[in-house]
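Could you walk me through this model in the viewer, one selection at a time? I would like to know what to pick next and what sits there.

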Amino acid sequence: MIEVFVDILPVLMFGTLVFGLFSGLPVAIVLMGVSLIFGLLAILMGDMRVIESTLLPNRLFGGTIENPVLVAAPMFIFMGLIMEKTRIAEDLLNTLQRIMCVVPGGLAMAVVFVGTILAAATGIIGASVVMLTVIAIPTMIERGYAPSLAAGTVASASTLGILIPPSIMLIFMGDLLSLNLTKLFVAALTPGLLLSTVYVIYILAISILKPKVAPNTKLPNLGNKKNLWQQAIVSLALPLLLIIAVLGSILAGFATPTEASGVGVFAALLLGLARGRLSLDTLNQAMDGSVKTLAMLFFIFVGATAFSYVFRTIGGESFIVNSALALNFGDWGLLVIMMVMVFIMGFFFDWIEITLIILPIFAPLLHLMDLGDHLAKSDMIYWFAVLVAVNLQTSFLTPPFGFALFYLKGAAGDQLQMSQIYSGIIPFVLLQVSVLLMLVIWPDIVLWLPRELLK
Amino acid sequence: MEKLLRFSDVLAWPCYQVARLTGILLLVLTAVILYDVIGRKFFATGSFKLQELEWHLHGAIAVLSFGYAYLKDAHVRIDIISSRISKRAKLCMELCAIFLFLLPFMSLLAWSGYEFAERSFLWSETSNGGVGLSNRWIIKSVIPLSALLTILGGLSVALRCLVAFKTPERLSNPFDRNS
């Protein structure tokens, strides 16, 4: 009897976690509680020694603190919040929309463009959806855009941030799977740009085919031409330069992600200062926001550290590996199962929970996986990480549960009906799925750039 | 009730102060990275110590504001189902979670973290290879300190939950929503 209990203990532990997460208590505290309960059980049954529970500080220190890779995370979050609070992002979108309103679907394209380059602005999906919704939806609807197109564009553009570097999620993934962060960033770049290109093509096509959904109107109070150009330089060229410089220096191997992130913060501060928007109050808001976001992230990190330690001690890792082998689906089958699991979890959880809890569980399987000639084994984890990112983004967008859609509705209020959001997002979900399939079929889309760039 | 609230504010005070300090550390970290980059790219100065200082600062920023974030209710929750639970039941659950999960976990962390830092102090541990910063016990102490602050924050939230439970008209939400 006891033996059976021991065998299914990992299943019980995982089940308890899922059940606990839906209680609405803070995720981190649920992780800690589940670890305590099952750690105690493991001690009672002799699977774990009491002294092991005092190893937690060592693991935290090694995983969270003495970890040069993670230094970029607080800095990029800080940079994003400075750009948000000094309204650099908002100006960027407004100016871009003014310039692009002559093109069919120009307003929507500007949104995609801003979503792509501001991917760094907020690591957290909820926050970036809200930001882009608040600054973009009212103008588009006012200009007569179909609410569904506006909703679809905003939702998909603002979730690009989990994929396009310097994505905070990639920093954590790189850490958990012990990957080279620069290579991971480079690997994610082509798929990210591919996605935004596909969005733009779709928007252009639908605006030409159905001019009603994206009327081609000039914005009022355009001011004189000279004014416009001046504005374009100040609010478009400068932030663009900042982001290209930060990303470019990482991708070109000139700077490590940490160095680039620090310089990015400094440049964002200068930019805010130059525009006279950086008061002490704004700076305080940006600091406070970053502190809260970081505490939230690393609190889960603490809970997840304890959880994965106990889970491994009670045999969770071998349980997963053994059951995966016993299922005998082959390596491709395994990949499909992992992707489906990630997709379903994306309905309920943000990437933080998924990356920090699930990736350590998947990691042993990944090391076993061998897709033969399809791609080199050393590249496989990079490819996998990018697949997970695109997959998660798709999941955030998929009705009826899509995580991003709820935030969109929440921030847009009465401007958008849920049904309009659903119908608007479907074409984008189809685009996502096709890109995901392309990445699976042709891994070189992911792996070509790192191979060429980082010789 | 008023006494409980005042006591809760006392417990929360250190969390708020440290969180503010953490915010400033972000600026310090920016400055250190900048100094490091300029030094290395243009003046060829070695910067092993600076790089070590960078992750020291990052580590402090990462763990010192858990209690503060809890007071502000900034920790993520999955509230898909729980939006249907009554307010009082939620407060009860929060209290149970604090006393059964958060406080024991953080006490364990505070105690073992203290020993962890103490060991480092007694052995006068320095960085690996001895080329980096000395006195590693300082950064190791942020772990017990973080646990301690989280305990304070947790207790403060617990007291406010209690007040909100007993006298909902006095306090409708145990968390400090204004940022």
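**Stop one: a helix crossing**

Select α10(A) and α20(A): α10(A) passes α20(A) in a right-handed crossing. Bear in mind throughout that this is a predicted model. In chain A, helix α10 covers residues 181–209 and helix α20 covers residues 444–453; they pack at an angle of about 130°, and their axes are 8 Å apart. That angle makes α10(A) oblique to α20(A), because angles over 145 would be needed for roughly antiparallel and 65 to 115 for roughly perpendicular.

Now show the side chains where the two helices touch. On the α10(A) side, pick A:Lys183, A:Val186, A:Ala187, A:Leu189, A:Thr190, A:Pro191 and A:Leu194. They meet A:Ile445, A:Val446, A:Leu449, A:Pro450 and A:Leu453 in α20(A). Coloured by class, the residues of this contact divide into 10 nonpolar, 1 polar and 1 charged.

**Stop two: another partner for α10(A)**

Keep α10(A) selected and add helix α17 of chain A, residues 377–397. The axes of α10(A) and α17(A) come within 10 Å and cross at roughly 35°. Here too the crossing is right-handed.

Which residues of α10(A) meet α17(A)? Highlight A:Lys183, A:Leu184, A:Ala187, A:Ala188, A:Pro191, A:Leu195 and A:Tyr199. Facing them in α17(A) are A:Asp379, A:Tyr382, A:Ala385, A:Val386, A:Val390 and A:Gln393. By class, this contact has 10 nonpolar, 1 polar and 2 charged residues. A:Lys183, A:Ala187 and A:Pro191 appear in the contacts of α10(A) with both α20(A) and α17(A).

**Stop three: aromatic pairs**

Next, turn on the aromatic rings. Over all chains, the structure holds 14 aromatic pairs. Start with A:Phe61 and B:Trp55: their ring centres are 6.1 Å apart and their planes lie at 80°, so the pair is edge-to-face. A:Phe61 belongs to helix α3 of chain A (residues 56–65) and B:Trp55 to helix α2 of chain B (residues 48–63), so this pair joins two chains.

Are these two residues buried or exposed? A:Phe61 has a relative accessible area of 4%, so it is buried. B:Trp55, at 6% relative accessibility, also counts as buried.

Then move to A:Tyr199 and A:Phe428, whose ring centres are 5.4 Å apart with planes at 70°, so this pair is edge-to-face as well. The pair links distant parts of the chain, with A:Tyr199 in helix α10 of chain A and A:Phe428 in helix α19 of chain A (residues 418–441), 229 residues apart. Both A:Tyr199 and A:Phe428 are buried.

Finish the rings with A:Phe172, A:Phe298, A:Phe301 and A:Trp351, which form one aromatic cluster.

**Stop four: A:Thr64**

Go back to helix α3 of chain A and centre on A:Thr64. With a relative accessible area of 1%, A:Thr64 is buried. Set aside its neighbours within four places in sequence, and A:Thr64 is in contact with several residues, including A:Leu70, A:Phe298 and A:Phe301. From chain B, A:Thr64 touches B:His58, B:Ala62 and B:Val63. A:Phe298 and A:Phe301 are members of the aromatic cluster you have just visited.

**Last stop: A:Ala267**

Finally, select A:Ala267 in helix α12 of chain A, which spans residues 257–274. A:Ala267 is partly exposed, with a relative accessible area of 22%. Draw a C-alpha to C-alpha line from A:Ala267 to A:Leu241: the two are 10.0 Å apart in space and 26 residues apart in sequence.

Terms used: Residues are numbered from 1 along each chain as its sequence is written. Chains are lettered from A and ligands numbered from 1 in the order in which they are written. Side-chain values use heavy atoms; hydrogens and water are left out. Axes are lines fitted to C-alpha atoms, for helices over the stretch in contact, and angles run from 0 to 180 degrees between N-to-C directions. Helices (H or I, at least four residues) and strands (E, at least two) are DSSP runs, numbered from the N terminus. Angles under 35 degrees count as roughly parallel, over 145 as roughly antiparallel, 65 to 115 as roughly perpendicular and the rest as oblique. A crossing is left-handed if the near helix is turned anticlockwise from the far one by less than a right angle, and right-handed if clockwise. Contact means heavy atoms within 4.5 Å. Ala, Val, Leu, Ile, Met, Phe, Trp, Tyr, Cys and Pro count as nonpolar, Asp, Glu, Lys and Arg as charged, and the others, Gly among them, as polar. Rings of Phe, Tyr and Trp (its six-membered ring) pair if their centres lie within 6.5 Å; planes under 30 degrees apart count as stacked, over 60 as edge-to-face and the rest as tilted. Buried means under 20% relative accessible area, exposed over 50%, partly exposed in between (1.4 Å probe, protein chains only).
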